[in-house]
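Please examine the model shown below. The explanation that follows considers a single helix and then the contacts between chains.

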Amino acid sequence: MTGFVDLYTEGNTFLHRVDPRVKITAVILLSILAFVLSSLEALAVLLAFIMVLVVLSRTPLAKTAFSFKFVFRLMLLIVILWPLFDRSGEPVIASFGPLVLTEPALLRGVTSATRIGCLATVWYILMFTTQQRDIVRALVKLGIRFDFGLTLAISLRFFPTFSATIGSIMDAQRARGLEFGKGGPLKRTRNYVAVLIPAIVSAMRTADGLSWALQSRAYGARLDRTYLRDFKMKWSDYLALAAVVLVLVLPLTAKYVFGMEL
Amino acid sequence: MIPAPSPGQGDDKIISVRNLRFTYEGGVVAITDLSIDIRKGDYVALVGGNGSGKTTFAKNLNGLLRPSSGIVTIRGRDAARTAVPELAKIVGYAFQNPDYQLFCATVEEEVRFGPLNLGYSEDDIRRKVERALDAMNLQHLRDKPPLSLRLGERRRVSIASVIAMDPDIFILDEPTTGLDTEESDMLMQKLQNLNVEGKTIILITHDMRLVSEHAKRVVVMSVGRIILDSDPRGAFSDLEILRRSNLEPPAVTKLAHALKDKGIPADVISPQELVFHLLRGGESR
Amino acid sequence: MKALELKDVRFKYRGSDNWALDSVSLVVEKGEFITVLGCNGSGKSTICLLANGLVPHAIQGDFEGSVEIFEKPVMGRTVAEIATKVGIVFQEPESQLFCMSVEEEVAFGPENLAVPRHEIRERVEWALELVGMKGYNDRSPFSLSGGQKQRVAIAASLSMHPDMLVLDEPAYALDPIGRHDLYSVLRELKGKHGMTVILAERDAEEAAAFSDRIVIMNKGKVVDVGPPRDTLRNPDKLKRMGIQPPQLSEVASLLNARLSTSKYSFLTVDEAESTITREIIGRGGVVRK
């Protein structure tokens, strides 16, 4: 009933089982790699590698399609827009008046799009294979303050609630003859006010209730909080971590030590 | 009885639903196969537990949801082909939580909002607003900010804002939740007045006491179907039906059922009635 | 031992003109199940908020009188401290569950109290089983029905092993089946666990059967305190205070009036059935088929 899609799919693949802290580290390292690599070939290999991981995660096609719809649109947009701002280099492929399309600019556009594809996909894999609560818990374990983790968890937890509330408010106003997306700017603004005010009122009530509930459940009672669940690194987790480090270090060494054009 | 609204329609069916099926995005089937006719001036209680499909059904009547298949006809028009604001002129829908719609600075503005959206003339709007404020006993509060009012009053404002659109059909979702007996009685009396004026009322509720006191007809829903359609007494004489739709019969009805083989009729719905039967004899009615 | 003692308590919410509570004195003994009955604005919610210190600690206003929770004054203790003694469940199911899974929700309290991990595990399983939500550990609270949410909220309080549980209209937003399941849990808490409970409600249809005492409130004052049989005896009086009387009380009161007696009072359908069968039908009150 809500527009909210949790990207996580239950599964028991290697990517699901690996310690979330290793996954978060891997995502960060692979993101760095995507930034450092500059040749299209190298980035294409990286993208292919990440895509293999997506397949290995056994995420249902519906969810991957849903997620990649946005990535593809973004990549396409970059390829189209890049040459508009970057007209340097030879040879010129085509020109329409002031608009010039050169081969190097096109190449740079495609390269950037591929880089963005790598970055987005690697984060998607984390979301596909890790429950949100585990991501939050792993962040706290990695040293982020518990308060911050809790805030993040609460935001994630209440996202579907507020989506549903806003859906209900829009329904209630539509039932009173309000048409969204119609009329002049003034009318449109007023239409949004009709949703915004009830939404704010509802959010404020929820926030009140939330703060009472937190206190009543002894939040902040002592500094030495315990945790029901803990992550334990298994040998396979260390192995995975080592593999990820290698994936980062090998190309970097090739690029900066041996001067390969990657 | 008020005559049929327009010639050529032949009968006084104001709502006609044929083989309605509704599936939410993501594949949840909320209505499996539902057909029903509702006459003008009827007072229907639509009952069932959460998840029975009653709200989904109601939203198919005013265009907030469109049938996945089947036909919903409102006053002779195909609801699927009619825009929501057009339907809003015929079907008014008061949501359970008034705070999901109240946003204006005064009660009067709030009540004006609906008819203003529907594009009525200023004169017309003024008349409709006055009538709505009268109908819900809100004249003395017209300049107050709606959010400063008590829950019972806020609910009346939300219903007045529906009355102001002057629909023939009123759908009310749990209008008495959270109200005190006095406020609840007053509201139900106002709804009764609307019904006497010839308006069709569809009351969504799981309060069987409310049903027994006000409705002319009870439609019981369970997992997306109608499992009973009868007068209120019929609904109370079958405890199994109520349980199947996650409803709880009122205590007197349970007591009457317990005393069934002692000669007490099973469809007793008020304490007065039960005591009458106890003291005057179980078979004289 | 006194679980809660209010002495001449007055409280006015900030921004309000009326006393939400006006000279209220009340004692709740440990092990008692108390139902506080009243309409909107009668003060029953304020009693709940006082019973765990949210009033006056987190919710500001004018406060007079004294409150003792388990024989210690509420002043000088934080809500988080009192939470180890008193658990609370609110009206709105949605805003009191803030974790991403049922299990985390129930573990949250004991985690804050630094309970050892293996013991938290035991408490979580115990509490979920008690409220009939065993096996829902990994579900998101958002995906649960209203009734299930309220039962998880109860479990989340019970896992802190409180000595008293306070519930402020927990069945408010529930459908009949949700309400029924919730009351089964409350009945079990009273029957099997002897938990001290303060329940605020707008009607006593279910609670009449197992409450030790009923406190009737109107306009910030305690109007009547006593066993259900005494306090629910007069349905008209309850109606005048905006409280829907239990239907069985109405039946009893009508019978009393018609038969010029005062001996009838029914708290359960079974009780009403057997008494009526024995004393009214048995004496020819009803023409048999």
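**A covered helix and two contacts**

In this predicted model, the helix α5(B) is mostly covered, for 10 of its 13 residues are buried. Here a residue counts as buried if 20 or more other C-beta atoms lie within 10 Å of its own. The buried residues of α5(B) are Arg154(B), Arg155(B), Arg156(B), Val157(B), Ser158(B), Ile159(B), Ala160(B), Ser161(B), Val162(B) and Ile163(B). Among the elements that cover them are the strands β6 (91-94) and β7 (169-173) of chain B, together with the helices α3 (107-117), α4 (122-135) and α6 (181-196) of chain B. The helix itself comprises residues 151-163 of chain B and reaches 18 Å from its first C-alpha to its last, close to the 18 Å expected at 1.5 Å a residue.

Attention now turns to chain C and its partners. In the contact of chain C with chain B, 34 residues come from chain C and 30 residues from chain B. On the chain C side, the elements that give two or more residues are α7 (176-191), α10 (247-258) and α11 (269-281) of chain C. By class, this side has 17 nonpolar, nine polar and eight charged residues.

The contact of chain C with chain A takes 35 residues from chain C and 26 residues from chain A. Here the elements of chain C that give two or more residues are α3 (79-82), α4 (102-112) and α5 (117-130). The most is given by α4(C), with six residues. The side of chain C that touches chain A consists, by class, of 21 nonpolar, seven polar and seven charged residues.

How values were computed: Residues are numbered from 1 along each chain as its sequence is written. Chains are lettered from A and ligands numbered from 1 in the order in which they are written. This is a predicted model: local features need pLDDT of at least 70, side-chain atom pairs count only at pLDDT 80 or more; totals for chains, interfaces and linings use all residues. Two residues are in contact if their C-beta atoms, placed from the backbone, lie within 7 Å. Helices (H or I, at least four residues) and strands (E, at least two) are DSSP runs, numbered from the N terminus. Ala, Val, Leu, Ile, Met, Phe, Trp, Tyr, Cys and Pro count as nonpolar, Asp, Glu, Lys and Arg as charged, and the others, Gly among them, as polar. The expected span of a helix is 1.5 Å times one less than its number of residues. A residue is buried if 20 or more other C-beta atoms lie within 10 Å of its own, exposed if 12 or fewer, and partly exposed in between; C-beta atoms are placed from the backbone.
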